[in-house]
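Grab a pencil and work through these exercises with the model open beside you. Try each task yourself before you read its solution.

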Amino acid sequence: MYKTKIGLEIHAQLSTKTKAFCSCPADVFELEPNTAICPVCTGQPGALPVLNEKVVEYALKAALALNCEINLRSSFDRKNYFYPDLPKGYQITQYFTPIAENGYIIIDHDNKKKIRIRRIHIEEDAGKLIYQGSSSISGASTSLVDLNRCGVPLIEIVTEPDIESPSTARKFIEILRDILRYLEICSGDMEKGALRCDANISIFSDDGKNTSNVVEVKNMNSFKFVEKALEFEKNRISSVLSEGKNIPHETRTWNFSTKTTISMRSKEEENDYRYFPEPDLLPLVIEKPFVEELKKHLPELPWEKEKRFIKEYGLPEYDASVLSKERALADFFEAVVKKTDKPKETSNWIMTEYLREIKELNKDIEGLAFGPDHFKELFDLMDSGKISQKIAKDVFSKSLRSGKMPSKIVKEKGLEQINDEEVIEKTLREAMKENEKAVRQYREGKKGVLGYFIGAVMKKTKGKANPELVNEIARRLLESEEE
Amino acid sequence: MNRDYINLGVKEISELDPKEQKGVYNFYLKRIKEYNSKLNCFVSVNEDTDNFGIPVAVKDNINVKGMKTTCASKILKGYYSPYDATVVKKLRKHNFTILGKTNLDEFAMGSSTEFSVFGPTKNPWDIERMTGGSSGGSAAAVASGMAPFALGSDTGGSVRQPASLCGVVGFKPTYGLVSRYGLVAFSSSMDQIGPITRSVDDAFEIFKLISSKDLLDSTTVKIDRGYPELIDGLDLGDYSFCVPEEFMNAPHLEDGIKKDFLEIVENLKNKGASVEFVSIPLIDYVVATYYLIAPGEASSNLSRYDGIKYGNRHRGKDVSEIINVSRDKGFGSEVKRRILLGTFTLSAGYYEAYYNRALKVRRKLTQEIANILEKYDYIINPTSPVVAPKLGEIRDPLTYYLMDLYTITANLTGSPAISIPITNKSRLPVGLHIMGKRFTDISLLEVARAFEKISPAYNNGKCSLKGEWSE
């Protein structure tokens, strides 16, 4: 039997206002090419980098949330290589001493499964090449360079090779994304490249006699692809290994259209990056009280929130985990519960109706006018019997889309529940008259037909009849008039 | 043409009314037109200006918005700077106008101003001789009266050594006191901009204006107190001086220079100053240390010249060929030599043995010099072991590198240092080099001014110009 060993290198773009070493905007995803650039980030002769302090703050937040040791003195270093998207001919990174080391993430709180973090360091992003006539630089007739992304701040998070399966790799990076979002330091959007993942994978036999070389896999630009690409590699390496051969120590790239990995280069061909201390920046010195302050204000993290939701609101584990996944959703849930004082019902509504509507509308929580007060009114309307659960769903949808208060919608559309027994009885009799056959069937013992009559009344009243009353009256009428 | 203009200092020009300032500016423009073809100091001249402020020449590795920045290299062909260096911004703010850009060794790498795509600059004292470098264009422009003042950059002596060979004042401030933003980087941890002038007073006036903590250069330092006026009438007899024995025993030190220097020493002793010859064994390693660190940083700093974004691009079948050919054709031989050297010393497997060890020696040297400057007020020595060599005379790069021995300690340790001329105008210029403690730039300038008073190179407080340039 073979086992898998995976280590990840994750680049997260920090959502600071400005770039790492100049004052150009850092959010460049939707900008026209080469519109967020300056002498510094385009490597003009004589321009110098100046460290953005927010970048340090964000990196420290990540380091604290990932249980790292902070290096109060770290270095900036240059990584030298030539590429058209790297205008200075070197990347400013932290090679000799990173800002943080030796952390971990617990990915399963039941069995305390930990993935260790080797280091977190700050670095700058490179620009983007746009190839014409080919999907890569080789074979392209022309390549255009967009330098907007140059100098966008990144943190690189490097794990120890503690990950034992492709699915765990995916789980790890999803948890990491949730954490980064909670900290509000990274959008976590893999498709937009705000979170990028490279993996080192090797396979070894149970008895330890057979171990493959390590392969690096790049270009896995979604959570699904991380799992797929690693699954593919795992199988590829295992089958080579089982033939008694070994795979080359190389870098491979995931091709999402063929669903395979392709060799990019052997590790021997790799650049000598000639790292040395960046003389244009001073060593990064962090004051301890600053770290303490950040620690104090670190938000409650997903798994802490999940635990609290179970304890404080008596929610089932599943509800707690869904609601705590995103900070905005968790905050919204708590704000609603504060008004309704009904945690479980609130959870049900949010997890089903609310999330479904949001997904349909393709909006986020902040983008909707529907807030805790709307929920509170909706719940009150149901509690007082003014509308049924079914009508409530309709009112909810209308209120969410328009932002109007639920009571107003009920009034405007005349959706108030019918509780008048006489009205219900009258409607029911109509229904019985229209289908005497069904009446007979019921009386002959086919009790299931009751549902038909309830449905018929609801239809006639446009769903406004109080379903409990309809049920009760239907039963009484059908049974009492039995000859 | 008003002959008096040529001896006006910063203060005097700044106090003129605008009309007369314009006269001064045009006076220098006219001299450039007349003499530049003989000496090749300027590579571009700012003729179409509406501002006629205090004229200042700027070495062509310092960015001036809208003007070419060539660094005397083919690789920057066609490059116009999109921004002003911080020093330029500051000078403009104080009513200076950039008179023109001056010649240099390509990317400031060299000490002769011969390694320039524009050809060598010639020494105003003997046009068959080199100016020294790399700020040779700036030094010769001041020494020939084509500019009243100039900015240079000093990484290993590039302000002080050409100032010495051209008989003018060259001052390298403490590392961190003058912003490097906009100075094209050669060796970032040692580069420093400094003034080249005909008096210490003018060096002080310009230093005052360009020195500051700059938000755009993280290595600049804030000085608590401002800059007071220089104290006049210091008695050199009150000071103690150290002369490193290793400098005096260097085999390539010319006898004439040794003699000139020892005369100064005698003069000091007669005034009651303490002058001691002290052995500093680490000095034997400064040239090696410098030529490991500077090319290392340079190899990285010059990576940005790839023909992709600006400058000269050559055709190639793929991107790496474009980069390789552009660099091969764009850089001159001395620059290539240093890029190769630096690439080697930074490469995996050699970093520890060379680059990192050089960093350790540098730290040790810095400590050693600090200790010596606790005991003595200043370290003095000749600025250059030789007077200006003939153009083309030196062919071996190592000989050049050894010429830097007397100046590079100040760069490795970040110390302020100044060269002032000490020979009379009948001979080729010789410079006296004074180095002080870090951040004691003002005291250093005060002492240098006291030396000016006993130097035969001066006339009315200004370095003498050779006859043909003084009229």
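## Exercise 1: one helix and its buried side

Start from this: in H11(B), the residues B:Val335, B:Arg338, B:Ile339, B:Gly342, B:Thr345 and B:Leu346 are buried (20 or more other C-beta atoms within 10 Å of the residue's own; exposed means 12 or fewer, partly exposed is in between, and C-beta atoms are placed from the backbone). Work out why they sit on the same side of H11(B), and what they pack against.

Step 1. Look down the axis: these residues cover an arc of only 135° around it, so they end up on the same side of H11(B). The arc is that of the directions from the helix axis to the C-beta atoms.

Step 2. Now turn to the opposite face: away from the buried side, H11(B) carries the exposed residues B:Ser333 and B:Leu340.

Step 3. Find the partners. The buried residues of H11(B) pack against helix H9 (286-301) and helix H12 (351-375) of chain B, and also against strand S15 (276-277) of chain A. Contact here means C-beta atoms, placed from the backbone, within 7 Å. Helices (H or I, at least four residues) and strands (E, at least two) are DSSP runs, numbered from the N terminus.

Step 4. Check the length. H11 of chain B covers residues 333-346, which is 14 residues, and spans 20 Å from first to last C-alpha, close to the 20 Å expected at 1.5 Å a residue. That expected span is 1.5 Å times one less than the number of residues.

A quick note on the ground rules: this is a predicted model, where local features need pLDDT of at least 70 and side-chain atom pairs count only at 80 or more, while totals for chains, interfaces and linings use all residues. Residues are numbered from 1 along each chain as its sequence is written, and chains are lettered from A and ligands numbered from 1 in the order in which they are written.

## Exercise 2: the whole of chain B

Describe the make-up and overall size of chain B.

Step 1. Count the elements: chain B has 15 helices and 15 strands.

Step 2. Judge the packing. With a radius of gyration of 21 Å, close to the 23 Å from the globule rule for 471 residues, chain B is as compact as a globular protein of that length. The radius is taken over C-alpha atoms, and the rule is 2.2 Å times the number of residues to the power 0.38.

Step 3. Picture a box along the principal axes: the C-alpha atoms of chain B fill roughly 70 × 60 × 45 Å.

Step 4. Look inside: buried residues make up 57% of the 471 residues in chain B. Of the contacts in chain B between residues at least 6 apart in sequence, 75% join residues at least 24 apart.

## Exercise 3: unusual backbone spots

Find where B:Ser134, A:Asn102 and A:Asp341 lie, and say what their backbone does.

Step 1. B:Ser134 is in the loop between strand S5 (126-130) and helix H4 (136-143) of chain B. The peptide bond leading to it from B:Gly133 is cis, with omega near 10°.

Step 2. A:Asn102 belongs to strand S6 (residues 100-108) of chain A. It isn't a glycine, yet its phi is positive, about 55°. A:Asn102 is partly exposed, with 13 other C-beta atoms within 10 Å.

Step 3. A:Asp341 sits in the loop between helix H7 (327-340) and helix H8 (343-361) of chain A. Its phi is also positive, about 60°, although A:Asp341 is not a glycine. A:Asp341 is exposed, with 11 other C-beta atoms within 10 Å.

Technical notes. Two residues are in contact if their C-beta atoms, placed from the backbone, lie within 7 Å.
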